[in-house]
Amino acid sequence: MKPLHYTLFFLLSLFFSFNAKSQKNPDKLPNVVFILADDVGYADLGIDGGTVPTPNIDSLAMQGMRFTDAHSPAALCAPSRFSLLTGSYPYRNGRPGGSWDVNNSSGFSFNGDRTKAGRHITVGEIMQNAGYKTAFFGKMHLGGNVYNEEGEVIRRKNNLNTMDYSRGVDDALSNHGFDYWLGLLSGIQHEPYAYFENGKYRPVDLSSPATNESTRLLKNGFYRVSDNGLSEIVEAGNVPARGDVNYDSSQAGIILTNGAVEFIDHHVKEHEDQGKDQPFLLYFASQAIHVPHTPPFDFDGDPETIDEQVYGKTGAVTSDMLYELDLQVGKIIEKLREEGLLENTLIIFTSDNGALWPRVTHYGDPSHDNNGPLRDYKASIYEGGHRVPFIAKWGDGTEVGSVIKPGSVSDQLIVGHDWVATMYELTRQNMQEDQAKDSASLLPILTGTQPENAPLHEFVLYQAGFALDGAIREGDLVLMVNRKNQATELYDLSTDLGQQNNLIDKEEYQETVNRLKAKFLKYNDHNAETIEPRTTRAYKVK
């Protein structure tokens with residue numbers, strides 16, 4: 001466990017370390033771009049051995065730091081998305097399985113009531129407090145309040161087709177730290193099949209009215225995965241879905257990426273006109289590479305531009321979407337470069353959970369193994385369910401002009417939501433004891449001031465898809481605990497990364513099993529609002 005405070009020497013050395021390399025203005029805080037991929041696995045990227053072209057994401061790793069032992073907060077998207085915005089494990093809000101569709105209340109409020117104690121502060125609010133402009137683009141799964149035509153809140157999923165689009169959604173990101181947001185409330189795979197902007201419905205055709213007039217009921221609005229691994233639209237029986245009449249899942253990545261680029265453009269022009277120099281946080285939650293696998297025919301609107309063609313580029317729709325994800329990242333990077341912002345922007349890339357199950361991947365190259373040596377896939381408690389890429393870049397790609405050493409690799413055990421505590425420390429704000437309870441700042445690792453043999457976390461918790469199974473990781477040992485609170489498996493990842501050799505019955509490990517199980521049960525209490533002490537240190541400004 002990290003100590004509860006830093007020495008004055010450490011703080012000063014860290015401060016001057018990253019400020020000295022911000023050459024244009026040594027006191028200027030960086031812009032921050034956080035990119036969250038969907039279902040991208042441990043070995044999907046080219047930099048990690050993948051065969052699908054991902055040159056833009058790979059360049060982030062080559063010009064920054066790549067983590068080999070990074071984990072999503074859960075092995076499924078919705079619970080991870082709560083944690084990645086708050087720095088706390090999914091169970092901390094009493095909803096370990098996540099908010100999922102928008103018939104659920106916000107995961108940040110206490111039962112949807114923002115006035116009650118227990119509200120979770122988001123990274124958007126942290127950055128707003130530091131003077132940042134904040135924006136969110138992409139897939140949400142964060143809950144909120146939507147209404148029918150009688151003004152009643154909809155809490156049953158089967159009633160979402162009665163949603164009054166003109167009323168929009170509230171208790172959403174506008175209420176939780178984001179100055180601007182454009183997103184899909186339940187991703188590309190669930191209704192409402194439509195975009196919402198700052199709480200209001202935004203039709204795909206901006207000339208259409210932002211009311212129910214530009215929506216329709218889709219009797220075949222849901223999808224399933226067929227036996228051959230391809231997404232198919234099937235009849236939804238007596239539960240139709242409502243969506244924008246012009247909704248097309250293949251265009252989601254284009255719309256969201258264009259929105260992110262337009263935000264940067266507008267931010268720069270606005271501040272040039274006003275003579276201001278305000279940093280921004282851009283949280284980009286891509287739809288790729290989630291089902292339904294519907295890559296666009298081309299990414300830039302010009303099918304004659306071969307480099308931007310997506311559909312058919314790799315030989316399979318899933319890998320086409322991975323290729324599209326890289327184009328999204330590249331477009332954001334290029335915009336930062338055009339505006340002269342790239343050198344002083346901290347870019348973080350990670351995924352919400354592990355790779356897709358083999359039956360839905362069908363990559364064009366049969367040699368492509370999206371999880372490499374890891375056991376199992378998305379939703380699983382094994383390493384393949386939650387060990388994910390994590391990359392951070394800050395600088396111009398040279399050692400002299402970079403805060404994060406180019407081409408560096410860290411084997412530190414980290415969790416994706418550690419970036420939240422990193423933002424507290426980056427902006428030199430005190431972390432409240434009841435916030436970001438499971439997050440530890442990555443700055444000492446990113447800046448090279450913390451040795452690799454000094455663990456960031458004393459231990460971390462793993463969560464399977466819907467929190468039915470869990471595990472506790474301490475050092476290289478992982479203990480699995482099932483839904484009946486029984487310790488079932490023990491693995492030593494230092495010698496068994498593929499988790500094939502179960503040590504649970506070995507006599508020499510019985511004391512370790514009992515100790516880890518007791519610790520797991522103490523901290524993995526889904527009914528507890530507050531559990532002390534926190535599993536990591538709270539950053540305090542001295």
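Helix 2 (residues 55-62) and helix 6 (residues 317-338) have axes that come within 7 Å and cross at roughly 60 degrees. That makes helix 2 oblique to helix 6. Angles under 35 degrees count as roughly parallel, over 145 as roughly antiparallel, 65 to 115 as roughly perpendicular and the rest as oblique. Axes are lines fitted to C-alpha atoms, for helices over the stretch in contact, and angles run from 0 to 180 degrees between N-to-C directions. Helices (H or I, at least four residues) and strands (E, at least two) are DSSP runs, numbered from the N terminus.

This is a predicted model: local features need pLDDT of at least 70, side-chain atom pairs count only at pLDDT 80 or more, and totals for chains, interfaces and linings use all residues. Residues are numbered from 1 along each chain as its sequence is written, and side-chain values use heavy atoms, with hydrogens and water left out.

**Helix 6 and its partners**

Contact means heavy atoms within 4.5 Å. From helix 2, Pro55, Asn56, Ile57, Ser59 and Leu60 take part. They meet Leu325, Asp326, Leu327, Val329, Gly330 and Ile333 in helix 6. The residues of this contact between helix 2 and helix 6 divide into seven nonpolar, three polar and one charged. Ala, Val, Leu, Ile, Met, Phe, Trp, Tyr, Cys and Pro count as nonpolar, Asp, Glu, Lys and Arg as charged, and the others, Gly among them, as polar.

Helix 5 (residues 252-274) also meets helix 6. Their axes come within 10 Å and cross at roughly 10 degrees. That makes helix 5 roughly parallel to helix 6. Helix 5 contributes Gly253, Ile254, Thr257, Asn258, Ala260, Val261, Ile264 and Asp265 to the contact. Helix 6 contributes Glu324, Gln328, Lys331, Ile332, Lys335 and Leu336. The residues of the contact of helix 5 with helix 6 are six nonpolar, four polar and four charged.

**The loop before helix 6**

Two cis peptide bonds deserve a look. One joins Ala288 and Ile289, with omega about 20 degrees. Ile289 is in the loop between strand 13 (280-285) and helix 6. The other runs from Val291 to Pro292, with omega near 0 degrees. Pro292 also lies in the loop between strand 13 and helix 6.

**The chain as a whole**

The chain has nine helices and 20 strands. Of its 542 residues, 60% count as buried. Buried means under 20% relative accessible area, exposed over 50%, partly exposed in between (1.4 Å probe, protein chains only). Among contacts between residues at least 6 apart in sequence, 71% join residues at least 24 apart.

**Helix 7**

How many of the nine residues of helix 7 (residues 418-426) are buried? Nine of the nine are, so helix 7 is largely enclosed by the rest of the structure. Among them are Trp419, Met423 and Tyr424, along with the charged Asp418 and Glu425. Just after helix 7, Arg428 takes a positive phi of about 55 degrees.

**Helix 9**

Helix 9 (residues 510-523) has 14 residues. From its first C-alpha to its last it reaches 20 Å, close to the 20 Å expected at 1.5 Å a residue. The expected span is 1.5 Å times one less than the number of residues.

Thr512, Val513, Leu516, Lys519, Phe520 and Tyr523 are buried in helix 9. They cover an arc of only 135 degrees around the axis, which puts them on the same side of helix 9. The arc is that of the directions from the helix axis to the C-beta atoms. An α-helix has 3.6 residues a turn, so residues three or four places apart point the same way. On the other side of helix 9, Glu511 and Asn514 are exposed.

The buried residues of helix 9 pack against strand 17 (460-463), strand 18 (470-474), strand 19 (477-481) and strand 20 (487-492). Ala518, also in helix 9, is 31 residues from Ala487 in sequence and 9.9 Å from Ala487 in space, C-alpha to C-alpha.

**Three residues and their exposure**

| Residue | Place | Exposure and relative accessible area |
|---|---|---|
| Trp100 | loop between helix 3 (77-86) and helix 4 (123-129) | buried, 19% |
| Asn198 | loop between strand 7 (195-197) and strand 8 (200-202) | partly exposed, 32% |
| Ala518 | helix 9 | partly exposed, 48% |

Phi of Trp100 is near 50 degrees, a positive value in a residue other than glycine. Phi of Asn198 is likewise positive, near 50 degrees.
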